Amino acid sequence: MPSTLSLTDTVSRAQKHLATEVDGNFILMSIEGGVYCGLDEIGSDIWRRLARPLTVEALCQAMAANYRGDREQITADVLELLVSLRDQRLIHVG
Amino acid sequence: MSAESGGVTASPGGDLFLCGWRVRSDLALPELTPWIGDDREADLTIRIGAIPSRLDDARDVSPLLQVTSQKQARLSIDGVASYWLRSSHEIVVDPQMAADSPDIRTFLFGTVLGLLVHCRGLMPLHASCIRIGGKGVAISGMSGAGKSTLAAALTRRGHALVSDDICVIDTGAAGGPVVRPAFPRVKLWQDSLEAMGLGSDGLEANRFGQRKYYLRFAGAADFHTEPVSLKAVFLLRAQNVALSGQAEIQKLPPMAAVAGLNDQIYRKRTAAIWGREGELFQAIGQIVSAADVYRLSRRTDFSELDSLLRCIEDHVAS
Amino acid sequence: MSGLNLIASYPRSGNTWVRALLTALMRGDGSLNINALEGPIASDRSFFDDALEVETSDLLPDEQRRLRPLAHRAVPPQKRSFPIKTHDAWLPAPGAAEPPFPREAVGAVVLIIRDPRDVAPSFATYYGVTVDEAIAWMARPELSIGNSTQGLRPQLPQLVSSWTAHTASWLDSGLNLTRVRYEDLLAAPLPTFTAIARAFGQSAPPDLLASAIDASRFDRLQAAETREGFRESSPEAPNRFFGAGTAGGWRQRLTAAQANRILRDHGPMMRDLGYED
């Protein structure tokens with residue numbers, strides 16, 4: 001499995017996970033790993049968008065349209081979160 | 001508050017209250033309070049009757065428990081009784097000892113009640129619950145952590161008991177999660193009774209020959225039937241020895257609170273078979289959004305009981 | 001590697017030390033928090049409550065003993081889970097039809113054995129009894145720990161049996177068993193610990209093994225216990241769990257009569273294991 005993701009990859013929520021919201025922010029748990037993962041406000045926004053499969057590029061574009069900041073930095077931040085979610089088996093890539 | 005033992009008994013044949021349900025029972029259930037609500041049909045019938053040795057399409061969750069995908073369950077405790085949770089409205093009990101033995105109610109108000117709560121789409125948390133200043137306070141933790149001891153001691157300090165061992169939470173209520181009161185009884189071991197200066201004389205034993213007893217509260221102020229908003233959860237941890245650098249009480253951030261509560265879902269394996277993991281996890285998020293969750297460490301002996309009680313009261317009041 | 005992997009030993013024979021070593025190996029960064037040791041404990045009540053879907057605190061002792069092995073069948077071991085600590089003998093407890101673990105579920109067993117003359121004084125400290133009482137307990141075939149009728153213990157009752165019967169039960173069990181002497185772990189930690197790790201299917205480079213051994217040195221465990229406290233220590237000896245951690249300390253701690261009595265109780269098994277003087 002490559003360590004990074006490409007902009008053309010399609011990402012979606014993994015089948016085997018649990019999710020809950022506390023004060024608007026998501027807390028996730030992978031059923032296989034039994035590990036918990038807490039998302040901040042922006043991470044929670046990304047998680048909502050992952051309800052349907054989409055490409056990494058589309059996700060980055062949507063985030064750049066909704067948040068102020070350097071486009072490259074936003075892409076880097078999104079990729080970092082996605083890699084971490086993938087490594088915890090919370091999202092499906094491909 | 002008045003005498004701790006003795007009975008709140010329903011008039012013979014009268015319906016009973018349990019978690020907001022109107023209960024009609026063949027089996028005497030002296031720990032339940034009488035139904036004083038509306039004239040609805042019974043929500044739950046408890047019958048004495050024969051039970052098939054094997055439920056259709058059952059799987060064995062444990063050597064004692066069969067469950068089906070239709071949310072039926074059959075619990076069997078050799079020499080005590082078999083229990084058939086036939087639907088969310090009906091429980092059949094087949095006693096193997098005198099029907100009024102407390103042993104039979106020990107499992108009826110344990111695993112069987114927990115599974116019924118799952119059947120009815122509510123959340124059973126492994127916790128005792130107390131009403132402190134109008135707020136629902138759940139005291140959670142594994143067996144032996146001290147839930148019942150703290151709940152009984154708080155009741156004796158003038159707070160009303162809501163439930164013991166299984167805390168039935170309805171997260172769908174308007175205005176946030178509420179706890180549905182069960183009945184005014186706790187189960188205590190001999191050492192806990194002694195720590196409160198009580199004896200076991202005249203108390204029913206949880207199991208024949210076991211030094212764990214039913215302690216019933218009979219005062220009008222000791223128990224109310226209205227649901228109570230859940231405002232605080234204390235996750236109890238008992239330890240043999242004092243550890244340095246560890247606060248006795250600690251408010252948990254959301255993720256730790258969710259993880260801590262998720263560990264304390266009662267009868268979790270059956271709930272997972274019944275496909276409830278997702279909805280229960282969501283319910284936990286609602287609880288953590290509405291209630292403060294604390295980690296509370298206590299020593300396994302009872303030397304610090306009074307200070308623990310005050311600590312709980314202070315944190316709830318603040 | 002599938003199945004239940006077990007670290008079996010008589011009480012006070014180095015089981016927790018081996019858990020510390022394996023925890024340090026797993027972390028691999030040379031740090032070790034003694035209050036966060038890995039590994040389930042075989043008699044842990046909450047495991048059985050979950051496995052049976054019934055509170056074991058509502059079960060009578062006979063029922064608990066009968067159901068213990070059955071509970072392990074109800075909950076198959078998780079893949080890649082840490083070895084389980086047990087002080088049980090490989091014997092059916094009274095009322096049970098079989099030993100505490102179903103035979104077919106057991107994977108690898110590491111049996112840690114320690115000279116009973118060193119076990120006795122440590123046993124006495126831990127359980128808050130005299131050395132003579134400890135010696136008498138260690139000779140009782142029916143010895144069981146984790147019992148209480150007055151209140152609830154966090155562990156289920158376990159049939160430990162006498163030191164000789166406990167040791168023989170595992171050695172004769174026919175399980176996939178690796179025998180480790182506590183004294184060898186002290187004298188030659190690297191090869192001995194390597195054998196333990198290998199038994200559990202963990203191959204690790206020597207430098208990693210060496211750093212785990214260093215992180216779990218007895219003086220470090222003891223210092224950490226003094227500094228922070230140790231939650232697995234007993235109420236009878238709070239925060240005095242890690243004793244001297246030596247071999248042959250009995251020469252100072254036992255009277256000649258006490259040493260002779262242990263030799264009388266356990267001589268044949270001691271000779272088989274090389275505990276002879």
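**Notebook: two odd backbones and two contact surfaces**

Arg12(C) is buried, with 25 other C-beta atoms within 10 Å. I started there, keeping in mind that this is a predicted model. The count settles the class, because a residue is called buried if 20 or more other C-beta atoms lie within 10 Å of its own.

I then looked up the backbone of Arg12(C). Its phi is near 65 degrees, a positive value in a residue other than glycine. I placed Arg12(C) in the loop of chain C that runs between β1 (4-9) and α1 (15-27).

Next I turned to chain B and found a similar entry to make. Lys71(B) is not a glycine, yet it has a positive phi of about 60 degrees. This lysine sits in the loop between β6 (65-67) and β7 (73-77) of chain B. Is Lys71(B) buried or exposed? I counted 20 other C-beta atoms within 10 Å, so Lys71(B) is buried. The cut-off is 20 or more, so that count is just enough.

**Chain C against chain B**

I looked up the contact between the two chains. On the chain C side I noted 31 residues, and they meet 32 residues of chain B. Which elements of chain C give two or more residues to this side? They are α2 (45-52) and α3 (61-74). Of these, I marked α2(C), as the largest share of the side comes from this helix, six residues. I also sorted the chain C side by class: 12 residues are nonpolar, 10 are polar and nine are charged.

**Inside chain B**

My last stop was the division of chain B. Domain 1 covers 14-120 and domain 2 covers 121-317. Taken over C-alpha atoms, the centres of the two domains of chain B are 23 Å apart. How many residues does each domain of chain B bring to the contact? I have 21 from domain 1 and 28 from domain 2.

I followed the domain 1 side further. The elements that give two or more residues to this side, facing domain 2 of chain B, are the strand β1 (16-18) and the helix α1 (102-119) of chain B. The helix α1(B) gives the most, with nine residues. By class, I wrote down 11 nonpolar, six polar and four charged residues for the side of domain 1 of chain B that touches domain 2.

A note to self for another day: the size of an interface is often given as the accessible area lost when the parts come together. My entries here are residue counts, such as the 31 of chain C in contact with 32 of chain B.

Key
Residues numbered from 1 in each chain as written. Chains lettered and ligands numbered in written order. Predicted model: local features only at pLDDT ≥ 70, side-chain atom pairs only at ≥ 80, totals over all residues. Contact = placed C-beta atoms within 7 Å. Helix = DSSP H or I, 4+ residues; strand = E, 2+ residues; numbered from the N terminus. Nonpolar A, V, L, I, M, F, W, Y, C, P; charged D, E, K, R; others polar. Domains from an automatic or database assignment. Buried ≥ 20, exposed ≤ 12 C-beta atoms within 10 Å, placed from the backbone.
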